[in-house]
Amino acid sequence: MRLEESRAVFTVPNRFFAEWIAERYSKLLNEALNREMGRSLDAAFEVSPEQVQAKAAVIQPPPPKSRPAGINLNAAYTFESFVVGPCNELAHAACQAVADAPGGQYNPLMIFGGSGLGKTHLVSAVANRLVNREPSYRVHYTSSEAYSNELIQAVRFDGIQTFRDKYRRVDSLIIEDIQFLSGRERTQEEFFHTFDALFQAGRQIVLTSDKLPRDIPGLASRLRTRFEWGLLADLQTPDTETKLAILQRKATEKGVVLSRQVAAYLAGQPESSIRVLEGYLNRLMAVSRLRGAEVSLELARQVLGPLANEHLVGVEDVLRVVSAHYGVRPADLKSSRKSRDISRPRQVAMFLARRLTNASFPEIGLALGGKDHSTVVKGVQRVEKLLVEDPELADTVRAVENAIRQGKQSD
Ligand code: ADP
Ligand code: MG
């Protein structure tokens, strides 16, 4: 192997060999080179001069499988790798129906949902299935932003007719994140024509958005009504069971075994986006690999503690929800009254403040009207003990904890 400025050149016996390796192993080799050499190098292959008379041919890796230009379609986003739960079953079923019978009854199909809930995964699964079933089938996968940029480019350079022809030739058009059409009048006008041409020809249109069409400011009403013609299927925040299943699935894909405990800890983080959850998992795995430590609950706590706390709750949030739950006033919790109906909620507040916030014992004491550190420690210990002995209290604490977390998610 010879190192050049930006390449690592391997000598191979013949041209066939070169092509064969380039096709199958370029990506792996490039990754390994980057990792080992600490700089970006492309693997290249040349035929050994002894083997052939001809000048050494350096064969570049073949260009990626030709797909129509657009944004990149992730081949790993398939129906098989998508976990179905109550939060996404309608959208999932609709996407499957469209992939199996494009241009049918759900046209256009609009997948709507918050960031990181699986819109891209689902519509990519549609595109992948369509292309894999029938390679000559023309799926164009893009985003409204890329569409808009391409249009601007076309107006300036290539000519608008080329652009129109291209879009009107596709069999299925998938456009992501149409909320970015907001306020872009020229793009909207062009898209209106694209839409109608395709729709009238019975071609499938799939759209994603993080807003309902009627909530996209500056969206032309003729587009809004068209977006509402077909089926609008939404993705909701996943419930804990679905989160668990997704985490397990992602871990398996990455070759890691996730204990039920660790999965539950991750799923229990006050975070509803699957993208963020997956980020937690990646972070956890990276640290585990770096330290050569097992993916344990202990490690998860260490790694995610500070992250999780970012979203969390202050002591005042805890006091607010605890007092509402027990029907007392926050001022009562801060008072020095010792009666049981005040002291118990106060202890629960101490316990939950300790558990859900960053606050230290003295800080919690301060927020509770200037109690000292040892009072807070005792309160927390008292609740810890009761959680084991008193299932009713345990239920209460769990309910209050959930209410606090949810309050935090929705604000
Ligand atoms: P969006 O486009 O809605 O912002 P993505 O489709 O990019 O969200 O999803 C974010 C991440 O979560 C992706 O890695 C995706 O694979 C994963 N994901 C979301 N929903 C599921 C699911 N039901 N099963 C498996 N993975 C999912
Ligand atoms: Mg997306």
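In which kind of crossing, left-handed or right-handed, does H12 pass H14? Keep that question in mind as you open this predicted model, and begin the tour with the two helices concerned.

**First stop: H12 and H14**

Select helix H12, residues 315–326, together with helix H14, residues 340–356, and you will find that their axes come within 9 Å and cross at roughly 145 degrees. Turn the view until one helix lies in front of the other, and you can follow how H12 passes H14 in a right-handed crossing. If you now show the side chains, Val315, Val318, Leu319, Val322 and Tyr326 in H12 meet Pro345, Val348, Ala349, Leu352 and Ala353 in H14. The residues of this contact divide into 10 nonpolar, no polar and no charged.

**Second stop: H4 and H5**

Two packed helices are described by the angle between their axes and the distance between the axes. With that in mind, select helix H4, residues 144–158, and then add H5, noting that their axes come within 7 Å and cross at roughly 140 degrees. Angles from 115 to 145 degrees fall in the oblique range, and therefore H4 is oblique to H5. On the H4 side the contact is made by Tyr147, Glu150, Leu151, Ala154, Val155 and Asp158, while H5 brings Ile160, Thr162, Phe163, Lys166 and Tyr167. Colour these residues by type, and the contact of H4 with H5 divides into 7 nonpolar, 1 polar and 3 charged.

**Third stop: H5 and H6**

Keep H5, residues 160–168, on the screen and add helix H6, residues 185–200, which packs with H5 at an angle of about 40 degrees, their axes being 9 Å apart. H5 and H6 are therefore oblique to each other, and H5 passes H6 in a right-handed crossing. Here Ile160, Phe163, Arg164, Tyr167 and Arg168 of H5 make the contact with Arg186, Glu190, His193, Thr194, Ala197 and Leu198 of H6. This set of residues divides into 5 nonpolar, 2 polar and 4 charged.

**Fourth stop: ligand 1**

Now centre the view on ligand 1, which is surrounded by 18 residues, the closest being Val83, Gly116, His121, Lys250 and Glu278. Which residue places a polar side-chain atom 2.6 Å from an oxygen atom of the ligand? Select Glu278, and you will find that atom in its side chain. Next show Lys250, where an N or O atom of the side chain is 2.7 Å from an oxygen atom of ligand 1. For Gly118, display the backbone instead, since a backbone N or O atom of this residue lies 3.1 Å from an oxygen atom of the ligand.

**Last stop: two unusual backbone places**

Most residues other than glycine have a negative phi, and most peptide bonds are trans. Select Asn107 and Pro108, however, and the peptide bond between them is cis, with omega near -5 degrees. Pro108 is found in the loop between helix H2 (89–100) and strand E5 (109–113). Finally, move to Asp177, which is not a glycine and yet has a positive phi of about 55 degrees, and which sits in the loop between strand E7 (172–176) and H6.

Note on methods: Residues are numbered from 1 along each chain as its sequence is written. Chains are lettered from A and ligands numbered from 1 in the order in which they are written. This is a predicted model: local features need pLDDT of at least 70, side-chain atom pairs count only at pLDDT 80 or more; totals for chains, interfaces and linings use all residues. Side-chain values use heavy atoms; hydrogens and water are left out. Axes are lines fitted to C-alpha atoms, for helices over the stretch in contact, and angles run from 0 to 180 degrees between N-to-C directions. Helices (H or I, at least four residues) and strands (E, at least two) are DSSP runs, numbered from the N terminus. Angles under 35 degrees count as roughly parallel, over 145 as roughly antiparallel, 65 to 115 as roughly perpendicular and the rest as oblique. A crossing is left-handed if the near helix is turned anticlockwise from the far one by less than a right angle, and right-handed if clockwise. Contact means heavy atoms within 4.5 Å. Ala, Val, Leu, Ile, Met, Phe, Trp, Tyr, Cys and Pro count as nonpolar, Asp, Glu, Lys and Arg as charged, and the others, Gly among them, as polar. A residue is near a molecule or strand if one of its heavy atoms lies within 4 Å of it. A polar contact is a pair of N or O atoms within 3.5 Å; within protein, one must be able to donate a hydrogen and the other to accept it, and residues adjacent in sequence count only if both atoms are side-chain atoms.
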